[in-house]
Amino acid sequence: MLEKEVIINVDSLSQLTRMLKISIPQIISIRVNTKFGAGHHQHVVTAGKETKFGIWGEDVIKAYSMALEAGVESFGIHMHIGSGILSADPFLIASGNLLEIARKVREKTGIQFDFIDLGGGFGVPYRPDERELNIKLLAERITSLIKKKVREYRLGEPFLYVEPGRYIVCDAGVLLTRVNTIKVTPFKTYVGVDAGFNTLIRPTMYGAYHPIILANKLNSSNSEKCTVVGPICESGDILAQDRYLPKVSEGDLIAILNAGAYGFSMSSQYNSRPRCAEVIVLNGKHYLIREREKFEDLLKGQHYPPWL
């Protein structure tokens with residue numbers, strides 16, 4: 001990445017030391033732990049005392065001083081506090097902390113920042129009772145805070161960066177999965193499908209809720225409470241728990257919504273399951289953009305020693 005002049009976002013003094021031994025980039029950014037994090041699940045809270053991310057306290061000033069002494073010419077400052085945040089307040093609190101740290105860096109080192117990166121974490125509603133993030137209000141409050149503090153702290157004329165990945169792609173992705181099994185027990189009705197947590201791991205990993213619909217019966221009323229499960233040999237392979245759907249039959253097609261973020265990118269070949277295909281649909285046209293894996297792909301890259 002250094003050879004390609006990609007801007008490196010440094011996360012520790014150890015990482016910075018290793019990088020400076022390899023090459024002295026023209027510009028670097030330092031990821032700061034703002035002491036305040038938020039997110040839809042504890043696994044995705046990426047700031048605060050219980051996380052591994054970012055540089056703390058006086059070490060932030062030390063990091064910039066090390067880079068400056070090594071010959072780095074330009075600088076950014078970065079935070080990322082978590083994922084799936086639906087309120088403006090956490091961003092404002094953390095941004096205020098970040099700007100205060102930037103002030104201390106400027107006073108100690110004289111650095112002027114080329115950019116201030118607030119990271120991502122802009123959430124989207126998954127559950128029916130969740131309210132959409134007011135992105136306009138967030139933008140107004142954040143830009144107002146940044147402009148005020150940049151002038152007050154004399155931080156130069158930095159660009160403001162954000163990383164709204166999930167916010168852009170989440171509801172653009174739908175996972176289509178075929179029903180192959182109906183099992184009624186004294187306690188539940190299980191709907192077995194050909195996708196599992198190898199395909200969409202978020203419900204298992206985070207307890208995440210994804211809206212589901214019966215794609216081939218959109219005009220039918222929801223009459224049955226079902227739990228939708230995959231083919232993986234673990235009890236946690238549940239895609240949707242206790243949801244009301246129309247009468248489900250083998251061969252039906254279930255659409256799992258809001259699968260565009262951390263869907264395929266977190267999928268795996270666990271349980272010897274080839275990864276699914278991806279199709280783009282736009283303006284009535286569709287195109288296969290990623291082929292479905294075959295069983296042969298499970299062995300791709302594997303080699304057997306000649307002495308076995």
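**Exercise 1. Sort the lining of the second largest pocket by residue class, then find what sits at its centre.**

Let's start with the head count: the lining splits into six nonpolar, eight polar and two charged residues. Keep in mind that we're working on a predicted model. Next, the volume, which comes out at about 230 Å³. Of the 16 lining residues, those closest to the centre are His80, Ser83, Gly121, Arg166 and Tyr262. Last step, the secondary structure: helix 5 (residues 165–169) gives the largest share of this lining, three residues.

**Exercise 2. Do the same for the largest pocket.**

Here the classes are 21 nonpolar, 10 polar and seven charged. The volume is about 1100 Å³. There are 38 lining residues, and Val174, Leu175, Cys276, Ala277 and Glu278 lie closest to the centre. As for strands, strand 6 (175–184) and strand 12 (278–282) each chip in at least two lining residues.

**Exercise 3. Work out which strands stand at the edges of the six-stranded open sheet.**

Write down the order first: 8-11-6-7-9-10, with mixed pairing. Now read off the ends: strand 8 (212–214) and strand 10 (238–245) have a single partner strand each, so one side of each has no neighbour in the sheet. On average, neighbouring strands are turned by 35° against each other, ignoring direction. Then zoom in on one pair: strands 7 and 9 run parallel and share three bridges, with Gly192 partnering Val229 of strand 9.

**Exercise 4. Track down the partners of Glu293.**

Place Glu293 first: you'll find it in the segment after strand 13 (285–290). Skipping neighbours within four places in sequence, its contacts are Gln269, Pro274 and Arg275. Now the polar ones: the Glu293 side chain meets that of Gln269 at 2.9 Å and the backbone nitrogen of Arg275 at 2.8 Å.

Conventions:
Residues are numbered from 1 along each chain as its sequence is written. This is a predicted model: local features need pLDDT of at least 70, side-chain atom pairs count only at pLDDT 80 or more; totals for chains, interfaces and linings use all residues. Side-chain values use heavy atoms; hydrogens and water are left out. Helices (H or I, at least four residues) and strands (E, at least two) are DSSP runs, numbered from the N terminus. A polar contact is a pair of N or O atoms within 3.5 Å; within protein, one must be able to donate a hydrogen and the other to accept it, and residues adjacent in sequence count only if both atoms are side-chain atoms. Contact means heavy atoms within 4.5 Å. Two strands pair if DSSP finds at least two bridges between them. Axes are lines fitted to C-alpha atoms, for helices over the stretch in contact, and angles run from 0 to 180 degrees between N-to-C directions. On a 1 Å grid over the protein atoms alone, a cavity is a set of points where a 1.4 Å probe fits but cannot get out, and a pocket is an open set with protein on both sides within 12 Å along at least five of seven lines; lining residues have an atom within 4 Å of a point. Grid points are joined across faces, edges and corners, and a volume is the space filled by probe spheres set on the points. Ala, Val, Leu, Ile, Met, Phe, Trp, Tyr, Cys and Pro count as nonpolar, Asp, Glu, Lys and Arg as charged, and the others, Gly among them, as polar.
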